[in-house]
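Colleague: I should be grateful for a close look at a single part of this model, namely the metal site. Please describe how it is arranged and then place it in its surroundings.

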Amino acid sequence: MADCIFCKIVAGEIPCEKILDTDVAFAFMDIGPLAEGHVLLIPRAHYETLDAMPAEEAGALLRHLPALVNAVRDVTGCEGVNVLQNNGRVAHQVVPHVHFHVIPRNPGDEFHFNWPAGEYGEGRMQDLGEAIRRALPRGS
Ligand code: 5GP
Ligand code: ZN
């Protein structure tokens, strides 16, 4: 897509610190790291959100995550890693090209979640579970 920052990075029009480059996947250092070693894994092709990606292509992209997580942990010596993927502005997606954040984590670091876990009323979880199962395409 013509005015997408990440498409320009894939095309080599904007420089990046490249980590991995295949026919489907591309990974590079995040320029505004939440911690040193923060890497972004993206599809070469432009999809705005994850749900827009064909399953095969998503699979070919995601197969790189375990090795990336291992490499980031080995190099940074971090204790844990968050893999985050934001879809939509409300979910804190700023760049509208699918990307997975690989973020090193250490005790006492500056990255905090607000994780307001709720609880379901009687039967609500089961109703939603049934609705979601029905919404899945055949063969999922
Ligand atoms: P989002 O909030 O959309 O999930 O995350 C977008 C990420 O892209 C941010 O962490 C930001 O630092 C990173 N980013 C934005 N523009 C550039 C860029 O031009 N180069 C690199 N390497 N990272 C970028
Ligand atoms: Zn793009």
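Modeller: In this predicted model, the four donor atoms around the zinc ion (ligand 2) subtend angles of 106 to 118 degrees, and the arrangement is therefore tetrahedral. For four tetrahedral donors the ideal angle at a metal is 109.5 degrees. The zinc ion (ligand 2) is coordinated by the SG atoms of Cys 4 and Cys 7 together with the ND1 atoms of His 46 and His 97, at 2.0 to 2.3 Å. Along the sequence, the spacing of these donor residues reads C-x2-C-x38-H-x50-H.

Two of the donors illustrate what the site connects. Cys 4 belongs to the segment before helix H1 (5-10), whereas His 46 sits in the loop between strand S3 (39-43) and helix H2 (55-62), so the pair ties together parts that are 42 residues apart in sequence. Cys 4 has a relative accessible area of 3% and is buried, because buried means under 20%. His 46, with a relative accessible area of 21%, is partly exposed.

The loop that carries His 46, between strand S3 and helix H2, also takes part in a salt bridge. Here the side chains of Asp 21 and Arg 44 meet, at 2.8 Å from N to O. Asp 21 lies in strand S1 (residues 18-21) and Arg 44 in the loop between S3 and H2, so this pair ties together parts that are 23 residues apart in sequence. Both partners are partly exposed: Asp 21 has 36% relative accessibility, and Arg 44 has a relative accessible area of 29%. This bridge is one of five salt bridges in the structure.

Another of them is found in helix H4 (residues 124-135), where Glu 130 and Arg 133 lie three residues apart, about one turn of the helix. Their closest N and O atoms are 3.1 Å apart. Glu 130 also forms a salt bridge with Arg 134, with the closest N and O atoms 2.8 Å apart. Lys 18, Asp 21 and Arg 44, for their part, are joined into one network by salt bridges that share partners.

The other ligand to consider is ligand 1, which is surrounded by 16 residues, the closest being Asp 30, His 92, Val 94, His 99 and His 101. Polar side-chain atoms approach oxygen atoms of ligand 1 from Asp 30 at 2.4 Å, from His 99 at 2.7 Å and from His 101 at 2.8 Å. Of the 520 Å² of accessible area that ligand 1 has on its own, the protein covers 82%.

Definitions and conventions. Residues are numbered from 1 along each chain as its sequence is written. Chains are lettered from A and ligands numbered from 1 in the order in which they are written. This is a predicted model: local features need pLDDT of at least 70, side-chain atom pairs count only at pLDDT 80 or more; totals for chains, interfaces and linings use all residues. Side-chain values use heavy atoms; hydrogens and water are left out. Donors are N, O and S atoms within 2.8 Å of the metal (3.2 Å for Na, K and Ca); water is not among the atoms, so sites may look incomplete. Four donors count as tetrahedral if all angles lie between 85 and 135 degrees; four count as square planar and six as octahedral if opposite donors are over 155 degrees apart and all others between 65 and 115; anything else is irregular. Helices (H or I, at least four residues) and strands (E, at least two) are DSSP runs, numbered from the N terminus. Buried means under 20% relative accessible area, exposed over 50%, partly exposed in between (1.4 Å probe, protein chains only). A residue is near a molecule or strand if one of its heavy atoms lies within 4 Å of it. A polar contact is a pair of N or O atoms within 3.5 Å; within protein, one must be able to donate a hydrogen and the other to accept it, and residues adjacent in sequence count only if both atoms are side-chain atoms. Accessible areas come from the Shrake-Rupley method with a 1.4 Å probe; for residues, only the protein chains shown count as cover. A salt bridge is a side-chain nitrogen of Lys or Arg within 4 Å of a carboxyl oxygen of Asp or Glu.
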